[in-house]
Amino acid sequence: TAIASGYNGQHVVRNPATGVGIWEDRSVFAVGVPTTPNSVIFPLIGAEAVTTITGTKFGIVSGEGGHLRESIDGGHIWNDKAVGEPNRISGLFFESPSVGWHVGQFFRINRTIDSGQKWLPVTPGPVQGAGSLRAITIGGTFSGVTVGDPFTPGGASTSQPKILYTDTLSYPDWKADASITGDPAYIENRGLRDVTLSGGSHYWAAGERGLLLKSTNGGQLWRLIMPEDGSTLRNFEFEGVAFIDQSTGLFVGRRVFPNGFVGGAIYQYQNVAGVVTWTQVPVTMPNGELLIGFWDVEILGGVVWAVGEKRLPSGNVIGVVVSGPVVEGQVPGLGEDIGPVGGFPECLTGEDLNNVAVLNEVEVVPGSGEVWVGGECGRLWKRSTSGAWSNVKSQTDAHVVGLSFVPSGSTGMLYIGGFRASQTQQCIVRVQ
C-alpha cells in the first residue's frame, strides 16, 4: 500500500488488492468553503504510511490550512483528526501573556490558554457561509464583546449586525442574544468594524455608513446612537474607535463621495451632562497630500495615535501615522505625519489588496512608549521612544489585521494576527 498527496487536497492510494499499478482516488473536494465532511481545499504536502505491530495499516496526510487526515484501514477511509484554522482572522485580543482570542470568518471565535500554541473553538460555533466577526475586546472582569458583519437568519432580506458577548457566568462561552434598540432602517444591513470598552461595563461599537452603538451592561443590550439630521457622519465609514473615558471618544474612518473621492477623518464624541457634541479633529497635512482614510486609533498615556493611508501629489498611496496629545480631556488636533523617511510604501505584489490598507493597525506598548504599526503584506514597523523607526519582519506575508500587546515580566509580548487569500490563510505571530 502507498499513499500520495498534492494539489488542492488531492490524495490517492495504491491498493494491492486491485493491482500494484492501480491508484484509487480518495480525495474529498469542496469548492471555496470546506463544508463537505472531511473535505480539503488546500495543498496537502505531507504523507506517511506504516503497518503497526497489530497489523493496522495506518496512514496520514497533512497540509496547509492546518489539515491533518488519518486512515487506519490502508487508506480507504479517511477522517479529519485535527483541522487547524483555515478561516481568515479579522480581530485579535490577548488579555494576558497566555490567554488570547481571535475572531474571523463564519463568526468563528477561538481561544488560547498557552500563548497561542493551540487554539480551541468556543460556543457558539461557526456558521458556514456567513460573514465575519471583525473585532473583539475583553474587559477587566472577564466580560467581552465581539462584533461583525450583518447576519441574516433564515434567509431574511434584512439583517442586524452580529454581536456576541460574554460575562463571568458564561466565560469562556459566548452568548448570541444581544439586542439592539433604535430605528431598524438605520441598523439593518450594516456591519460593525470595531468595538471598545469605554470604562466599567460600557462598550461602544462602530461600523458601516454611520452605524454607532452603545451598551452600558456589558454588551447584552445596545442602543443606536443617531447623529443629528444632516450630519456628514450619517454616511461615514467607521473603521476604528477608542475612548479617553466614558464621556469622550474618538472615531476614525473614511467617507466615499458621489464622485468617487475617498477622504479620511477623525471625529471626537463628547457627552457633558447629557449634552452631546461631535467635532472633527483637525489633522495637519502638507500641501497636496490627501487623507484617504484611517483604519485604527489608539489612546494611551494621554497620547492619541491613528494610522491609515494618504495620497501624495505624485498619485502614490502610502501609509500615514499621526499623533497628538489629550488636553483637558479633549483632542485639539493631530500633528503632521510622523512616519519614517520615505514613508510606508504601498504593497503592490500581495494578495487581496482591496480588503486591507497600507496601515491597518496601531499598538502602543504600555510604559515604554514604543509604537508598532502593521498593514499590507505582513509588514511591521516599530517606533522607539526616540522617534526612530525600524522595519520589523513579521515572518509572513499575510496582511496584518490584528495587534495586541500584553506585559510579561520586565518586557512583554506582541501578538500579530493576519490573513492571506490562499494557502496559509491565517497566522498568529508572537514577538518577545
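Two strands are taken to pair if DSSP finds at least two bridges between them. The structure described here is a predicted model, and this criterion is applied to its sheets below. In strand β13, residues 144–151, six bridges are formed with β14, and the two strands run antiparallel. One of the contacts places P150 opposite P161 of β14 as its bridge partner. In the case of F151, the bridge partner in β14 is Q160.

These two strands belong to an open sheet of three strands, ordered β12-β13-β14 and paired in antiparallel fashion. The edges of the sheet are taken by β12 and β14 (160–166); each has a single partner strand, so one side of each is left without a neighbour in the sheet. On average, neighbouring strands of this sheet are turned by 15° against each other, direction ignored. The edge position of β14 does not by itself describe its surroundings. Of the seven residues of β14, six are buried, so the strand is largely enclosed by the rest of the structure. Thus β14 lacks a sheet neighbour on one side, yet β14 is largely enclosed.

A second open sheet contains four strands in the order β8-β9-β10-β11, again with antiparallel pairing. Here β8 (89–94) and β11 stand at the edges, and each has a single partner strand, so one side of each has no neighbour in the sheet. Strand β8 is joined by five bridges to β9, residues 100–104, and the two run antiparallel. Within this pairing, G91 stands opposite V103 of β9.

Two backbone features occur in the loops that flank β11. Before this strand, in the loop between β10 (108–112) and β11, lies S115. The phi angle of S115 is near 65°, a positive value in a residue other than glycine. S115 has a relative accessible area of 15% and is buried, since the cut-off for this class is under 20%. After β11 (120–121), the loop leading to β12 (133–138) contains P124. The peptide bond joining T123 and P124 is cis, with omega at about 0°.

A positive phi in a residue other than glycine is also found at A273, where the value is near 55°. A273 is located in the loop between β22 (262–272) and β23 (275–280). The relative accessibility of A273 is 81%, so the residue counts as exposed, the cut-off for that class being over 50%. The positive phi values of S115 and A273 therefore occur in a buried residue in the case of S115 and in an exposed residue in the case of A273.

The structure holds one disulfide. The bond is formed by C347 and C377, with the sulfur atoms 1.7 Å apart. The angle about the S-S bond is -75°, and the link of C347 and C377 is left-handed. Distant parts of the chain are linked by this pair, the two cysteines being 30 residues apart. C347 lies in the loop between β27 (344–345) and β28 (359–364), whereas C377 lies in the loop between β29 (371–375) and β30 (380–383). Both ends of the link fall under the cut-off of 20% for buried residues. The relative accessible area of C347 is 7%, and C377 has a relative accessibility of 15%.

Technical notes:
Residues numbered from 1 in each chain as written. Predicted model: local features only at pLDDT ≥ 70, side-chain atom pairs only at ≥ 80, totals over all residues. Heavy atoms only, no water. Buried < 20%, exposed > 50% of the residue type's maximum accessible area, 1.4 Å probe, protein only. Disulfide = S-S within 2.5 Å. Axes fitted to C-alpha atoms, helices over the stretch in contact; angles between N-to-C directions.
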